Amino acid sequence: MEKKPYYISTAIAYTSAKPHIGNTYEIVLADAIARYKRMTGYDVYFQTGTDEHGLKIEQKAAAAGITPQAYVDGVAGQIKDIWDLMNTTYDKFVRTTDAEHTAKVQKIFQKLYEQGDIYKGSYKGKYCTPCESFWTESQLVNGCCPDCGRPVIDAEEEAYFFRMSKYADRLMQYIEEHPDFIQPESRKNEMVNNFLKPGLQDLCVSRTSFTWGIPVTFDDKHVIYVWLDALTNYITFCGYDPDGNHDAHYKRFWPADVHLIGKDIIRFHTIYWPIFLMALGEELPKQVFGHPWLLVGDGKMSKSLGNVIYADDLVELFGVDAVRYYVLHEMPFANDGVISYELMMERINSDLANVLGNLVNRTIAMTHKYFDGKICAPTAAEPVDEELRALALALPAAVEAKMKGLHVADAIDEIFTLLRRSNKYIDETMPWALAKDENARERLGTVLYNLLESIRFAATMLEAYLPATAGKIFEQLGVDNKGVPSLASFDGMPVGGTVGTAEILFNRIDIPKVLAEIEEKHAVQNAPKVTFLPDIDFDTFCKVDMTVCKVVSCENVKKSEKLLKFALDDGSGTPRQILSGIAKYYKPEELVGKTVVAVTNLPPRKMMGQESRGMLLSAEKDGKLNLVMLDDAIEAGAKFC
């Protein structure tokens with residue numbers, strides 16, 4: 001029987017910085033779903049990757065003094081390393097800088113332009129650089145971006161636009177006819193009520209104010225704007241051909257079964273992306289699931305707030321499967337979850353070390369102690385056994401019911417219900433007491449068989465969520481994982497066989513001790529780091545001519561986002577021109593009339609075709625820069641000595 005295809009994707013991670021544990025949650029969630037679908041008989045295609053274009057990337061690369069390509073190569077490598085660290089089984093890791101994607105996106109843009117869905121115009125409004133989003137004044141919240149809450153800037157430029165309004169009614173009808181298309185329900189209501197019903201504005205799909213993007217083939221002043229570039233990854237890397245010659249992979253797997261995304265980008269995936277597909281004449285994905293956020297305390301993780309937790313740091317402390325368990329189990333279906341080191345350690349101790357680890361360890365240990373590791377036939381059943389057997393036999397269907405609606409945390413709960421019942425079964429049957437009665441040997445063997453078999457059921461179903469741990473459990477059971485079909489009957493442990501060696505799956509954590517170690521490590525990492533250049537002699541220092549100057553005028557340099565051009569009164573009677581790369585820190589009008597310090601005996605150099613005669617002194621730390629400014633009473637031409 002041919003396996004049914006199943007295509008699951010994550011949002012492609014933006015290559016602006018190393019992903020934190022909140023970002024990492026999505027790939028672990030997708031992996032758990034993909035693994036579960038494979039173990040229940042599906043042919044799975046699991047796609048993830050990186051989104052690598054846009055103004056923010058261009059700015060980050062410039063600040064780092066490297067090319068945008070070099071910058072995204074580094075961050076994409078970090079992202080892939082973390083995805084691999086978390087033992088995720090993606091089939092394809094895509095990058096939007098790949099030549100394959102670039103060529104297809106250019107064809108898609110031209111196709112949409114030629115059929116009248118894209119037109120040329122101009123944009124004037126508010127722009128959020130981190131979100132790569134344009135907004136009208138009325139859409140702002142307290143003057144800031146409604147998505148991320150950060151400040152916006154005024155933007156005006158020529159651009160190409162997509163006619164969103166042309167497809168709005170069709171999309172609304174599709175959502176009404178496909179009630180499961182947007183999940184959870186709260187996300188659907190938000191999109192319909194806040195965006196579709198008020199009316200869609202046409203969408204800006206090109207930019208001219210930066211160059212790091214896919215060029216528009218028929219208008220080289222423009223690069224294709226990030227969302228048309230990024231969203232199309234779901235088809236371009238799956239085998240879609242803009243000319244209509246789709247490959248066999250695309251014909252098998254598209255439309256995707258589920259796009260798994262963060263709730264903050266639900267609008268782009270449930271409004272813009274479906275409309276792009278409608279315009280291209282392609283089917284829509286079957287479902288878009290906007291998962292909640294993983295928060296630290298009461299807030300979203302942020303480097304500026306100093307509350308970022310990274311997956312690799314957690315793995316170093318607790319191991320891969322412990323981290324996988326926490327993020328999968330502690331995230332509600334529709335509401336945000338919370339993570340902290342203390343909460344994670346409490347959950348490891350209670351669930352993994354105690355409920356799971358202790359059950360496996362003492363069951364294997366008792367089998368060795370009482371029967372030299374031999375698996376005995378269950379020949380002495382009693383009524384108390386029936387509830388445990390029934391719960392185990394019902395487990396596959398119970399997990400399936402939860403996974404069908406992507407209630408992953410609830411699916412894990414079903415497995416742990418069986419594990420907790422198994423622990424209770426030990427208390428009820430008291431194997432240690434049975435071992436003292438020679439006439440109870442068959443009963444003791446039956447009890448241990450039931451426990452081993454229940455653990456086998458749990459381990460089989462745990463494979464999707466804690467794959468390494470499931471493998472270790474099967475080693476201790478001394479059997480292979482025969483998969484979900486082997487759970488049709490409660491007789492999978494081979495009578496007469498032997499179990500493996502009992503080993504600790506998860507050690508209990510001394511929480512106060514580890515918290516103190518974490519705090520000490522963070523204190524060292526966050527301690528101020530100041531470095532100094534090698535010593536120079538006084539005569540060398542005296543060769544630097546530092547002159548007090550007055551700013552006569554200041555203006556932006558055309559075609560440069562970094563440079564300001566200064567005309568300075570240096571006391572000589574002839575204005576001195578200096579160019580300085582501080583445009584992102586100061587507006588020109590803020591500096592006119594200020595008293596600054598310049599190094600005035602540097603050789604002239606050309607910058608953007610203009611001569612710069614000197615260098616302004618400034619101080620920089622942690623990405624913040626300040627010009628050295630003096631009391632205005634100090635006269636131009638005064639020297640530092």
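**Exercise 1. Decide whether M608 is buried, partly exposed or exposed, then describe its backbone.**

*Solution.* Start with the relative accessible area of M608, which is 47%. Buried would need under 20% and exposed over 50%. M608 therefore counts as partly exposed. Keep in mind throughout that this is a predicted model.

Next, find M608 along the chain: it sits in the loop between strand 21 (605-607) and strand 22 (610-612). Finally, look at the backbone: phi of M608 is near 55 degrees, a positive value in a residue other than glycine. Most residues other than glycine have a negative phi.

**Exercise 2. Work out where K559 lies and whether it is buried or exposed.**

*Solution.* First, locate K559 in the loop that runs between strand 17 (546-556) and strand 18 (564-569). Second, take its relative accessible area, 85%. The cut-off for exposed is over 50%, so K559 is exposed. Third, check phi, which for K559 is near 65 degrees; this is again a positive value in a residue other than glycine.

**Exercise 3. Get an overview of the whole chain: what are its elements, its box and its share of buried residues?**

*Solution.* Begin with the elements, 21 helices and 25 strands. Then picture the box filled by the C-alpha atoms, roughly 110 × 65 × 40 Å along the principal axes. Of the 641 residues in the chain, 52% are buried.

Now turn to the surface. The accessible surface of the chain is about 29,600 Å², and carbon and sulfur atoms hold 51% of it. For charge, count 70 positive and 89 negative side chains; the centres of these two sets are 2 Å apart. As a last step, consider the contacts with a separation of 6 or more: residues 24 or more positions apart account for 75% of them.

**Exercise 4. Describe how helix 13 and helix 17 meet.**

*Solution.* Mark helix 13 at residues 341-371 and helix 17 at residues 441-462. Their axes come within 10 Å and cross at roughly 145 degrees. The handedness of this crossing is left-handed.

To see the meeting faces, pick out residues on each side. Helix 13 brings, among others, L356, L359, V360, I364 and F371. Helix 17 offers residues including R441, L444, L448, L451, I455 and L462.

**Exercise 5. Take V597 and find which residues it touches.**

*Solution.* V597 belongs to strand 20 (residues 595-599). Its relative accessible area is 0%, so V597 is buried. Setting aside residues up to four places away in sequence, V597 touches M546, T547, M615, L616, L617, V628, L630 and F640.

For a sense of distance, compare it with L356, one of the helix 13 residues from the previous exercise. V597 and L356 are 241 residues apart along the chain, and their C-alpha atoms are separated by 67 Å.

**Exercise 6. Do the same for L395: which residues is it in contact with?**

*Solution.* L395 is placed in helix 14 (residues 384-404). With 2% relative accessibility, L395 counts as buried. Beyond its neighbours within four places in sequence, its contacts are E414, I415, L418, F457, A458 and M461. F457, A458 and M461 fall within the range of helix 17, residues 441-462.

**Exercise 7. Follow the chain from F253 to P255: what kind of peptide bond joins W254 and P255?**

*Solution.* Start at F253, in helix 9 (residues 248-253). Its relative accessibility is 7%, so F253 counts as buried. Apart from neighbours within four places in sequence, F253 is in contact with P5, Y6, Y7, D43, V44, Y45 and C238.

Step on to the bond between W254 and P255: this peptide bond is cis, with omega about 10 degrees. P255 itself lies in the loop between helix 9 and strand 13 (258-262). Most peptide bonds are trans.

There is another cis bond to look up, from Q183 to P184, where omega is near -5 degrees. P184 is found in the loop between strand 8 (182-183) and helix 6 (185-196).

Technical notes: Residues are numbered from 1 along each chain as its sequence is written. This is a predicted model: local features need pLDDT of at least 70, side-chain atom pairs count only at pLDDT 80 or more; totals for chains, interfaces and linings use all residues. Side-chain values use heavy atoms; hydrogens and water are left out. Helices (H or I, at least four residues) and strands (E, at least two) are DSSP runs, numbered from the N terminus. Buried means under 20% relative accessible area, exposed over 50%, partly exposed in between (1.4 Å probe, protein chains only). Contact means heavy atoms within 4.5 Å. Accessible areas come from the Shrake-Rupley method with a 1.4 Å probe; for residues, only the protein chains shown count as cover. Lys and Arg count as positive and Asp and Glu as negative; His and the chain ends are not counted. The place of a charge is taken as NZ of Lys, CZ of Arg, CG of Asp or CD of Glu. Axes are lines fitted to C-alpha atoms, for helices over the stretch in contact, and angles run from 0 to 180 degrees between N-to-C directions. A crossing is left-handed if the near helix is turned anticlockwise from the far one by less than a right angle, and right-handed if clockwise.
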